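Reader: I should like to go through this structure with you, one element at a time. Where shall we begin?

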Amino acid sequence: MAAADSPATTPQKSHRYLRLSLVLIVFTLLVAVALQSVVVLWEPLTFGWNPPHSISHAVYTPARDVFVGALIAASVVLLALSGRSRATTLLDVCAVFAPLIAIVPTGLADTRAVGHIPCPVTTDCIPAGYVGSAKAGVAVYAVAVVAVVITMAVIRHRTRTPNRSAELVSAIALVTATVVTALAFAPALDEDFPFNFWPVASIHFAVTLVFFGVFAAVPVLYAGGPLDPGETPPTPRQRSIYRWIAGLLIADLVLLVVAVLFRQTFGETPVVLIGEAIALILFGAFWWVQTFQRWNDPNPPSIIARGPLRA
């Protein structure tokens, strides 16, 4: 019998498949939107061509459950990959905003985007039935954020493992939850929810930009070399891929901003849909490369021993 390779530890396996799961989450979401674009009716099954105006508009289609589930799952995975480098801190911040992309829907400005759901053509809105759903989601999000922040603070205190990065992320999460809750429920602010976030207006668009904007910094950091003790360094090819991903993602975010600001100019061209698809593909590509770069890391970042006095 050939000698078996040294078995991977449970933490190694966990980190391998957590990273790979982010690729599969992106794949699942893109498949759902692609199928929804070619299936006009599911019962009876009727094929045609009816792409949503954007991936975010999947929330108004039968693909809603996949859209919401994928974003919540991505948030949990990003938190599970939490470490102590600058990059993993940024990923924790991304995890704070990912659920809000799913909870607070994008607006409708064209009834053709979702068929029968009524909405003024020239004014963004979300149907009345979705407002209550969004507010319920915001309420649960706020309570969950407080619960997680308190739980992790107690764990850090009991184990005497101070972590300034975790404290920063906790503060960002609490501020975000407070702001979104105020926008959803404060009598002086909630009249136009979810289009009452100045100066961007749309809460959904704002959190989407923050999510991908923060994430764009992650491949930039990894392009410079290893960030964690014991991390497998990226090869020159991988570093080049990271740089390309970061550059293309930044350019794509600019495209999305232009597409939203001048959407009437683009007419029937689904520029937002294309831009969001590119952003998701770049997100998945990063995790594909990262999975195999760090496949044999002996000490995944979230389990590296930490002295009590280190920040």
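Author: Let us begin with a definition: the expected span of a helix is 1.5 Å times one less than its number of residues. Please keep in mind that the model is predicted.

Reader: What span should helix α4 have, and how far apart are its end C-alpha atoms?

Author: Helix α4 covers residues 128-159, which makes 32 residues. At 1.5 Å a residue, α4 should therefore span 46 Å. This agrees with the separation of its end C-alpha atoms, which is 47 Å.

Reader: Against which helices do the buried residues of α4 pack?

Author: The buried residues of α4 include Y130, G137, Y141, V145 and R156. Their packing partners are three helices: α2 (64-80), α3 (86-103) and α5 (164-185).

Reader: Which residue follows α4, and what is its phi?

Author: Helix α4 ends at residue 159. The residue that follows is R160, and its phi is positive, near 55°.

Reader: Which element gives the largest share of the largest nonpolar core?

Author: The largest nonpolar core has 77 residues, and L22, F211, F215 and W287 have the most contacts inside it. Elements that give two or more residues to this core include α1 (10-38), α6 (203-223), α7 (236-261) and α9 (271-293). The largest share, 12 residues, comes from α3. In soluble globular proteins, nonpolar side chains tend to be buried together.

Reader: Which residues are in contact with F211, leaving aside its neighbours within four places in sequence?

Author: F211 is one of the residues with the most contacts inside the largest core. With neighbours within four places in sequence left aside, the contacts of F211 are L78, C94, F97, A98, I101 and F283.

Reader: Is helix α9 largely enclosed or largely open?

Author: The 23 residues of α9 should span 33 Å at 1.5 Å a residue, and the end C-alpha atoms are indeed 33 Å apart. Of these 23 residues, 17 are buried. Helix α9 is therefore, with respect to the rest of the structure, largely enclosed.

Reader: Which element gives the most to the nonpolar patch on the surface?

Author: The patch is formed by F27, V31, L35, W42, L45 and F47, which together have about 630 Å² of accessible area. At least two of its residues come from each of α1 and β2 (45-47). The element that gives the most, with 3 residues, is α1.

Reader: Is W42 buried, partly exposed or exposed?

Author: W42 is found in strand β1, residues 39-42. Partly exposed covers the range between the limits of under 20% for buried and over 50% for exposed. Because its relative accessibility is 41%, W42 counts as partly exposed.

Reader: How many residues apart in sequence are the parts tied together by K135 and D190?

Author: K135 forms a salt bridge with D190, with the closest N and O atoms 3.6 Å apart. K135 lies in helix α4 and D190 in the loop between α5 and α6, so the parts tied together are separated in sequence by 55 residues.

Reader: Which residues are linked in a network of salt bridges?

Author: R294 forms a salt bridge with E231, the closest N and O atoms being 3.8 Å apart. R294 lies in the segment after α9 and E231 in the loop between α6 and α7, so this pair ties together parts 63 residues apart in sequence. D297 also forms a salt bridge with R294, at 2.6 Å between the closest N and O atoms. The network thus links E231, R294 and D297.

Note on methods
Residues are numbered from 1 along each chain as its sequence is written. This is a predicted model: local features need pLDDT of at least 70, side-chain atom pairs count only at pLDDT 80 or more; totals for chains, interfaces and linings use all residues. Side-chain values use heavy atoms; hydrogens and water are left out. Helices (H or I, at least four residues) and strands (E, at least two) are DSSP runs, numbered from the N terminus. Buried means under 20% relative accessible area, exposed over 50%, partly exposed in between (1.4 Å probe, protein chains only). Contact means heavy atoms within 4.5 Å. A nonpolar core is a set of buried Ala, Val, Leu, Ile, Met, Phe, Trp, Tyr and Cys residues joined through side-chain atoms within 4.5 Å. Patches are made of residues with over 30% relative accessible area and no salt bridge: like charges are joined within 9 Å, nonpolar side chains (Val, Leu, Ile, Met, Phe, Trp, Tyr) within 5 Å. Accessible areas come from the Shrake-Rupley method with a 1.4 Å probe; for residues, only the protein chains shown count as cover. A salt bridge is a side-chain nitrogen of Lys or Arg within 4 Å of a carboxyl oxygen of Asp or Glu.
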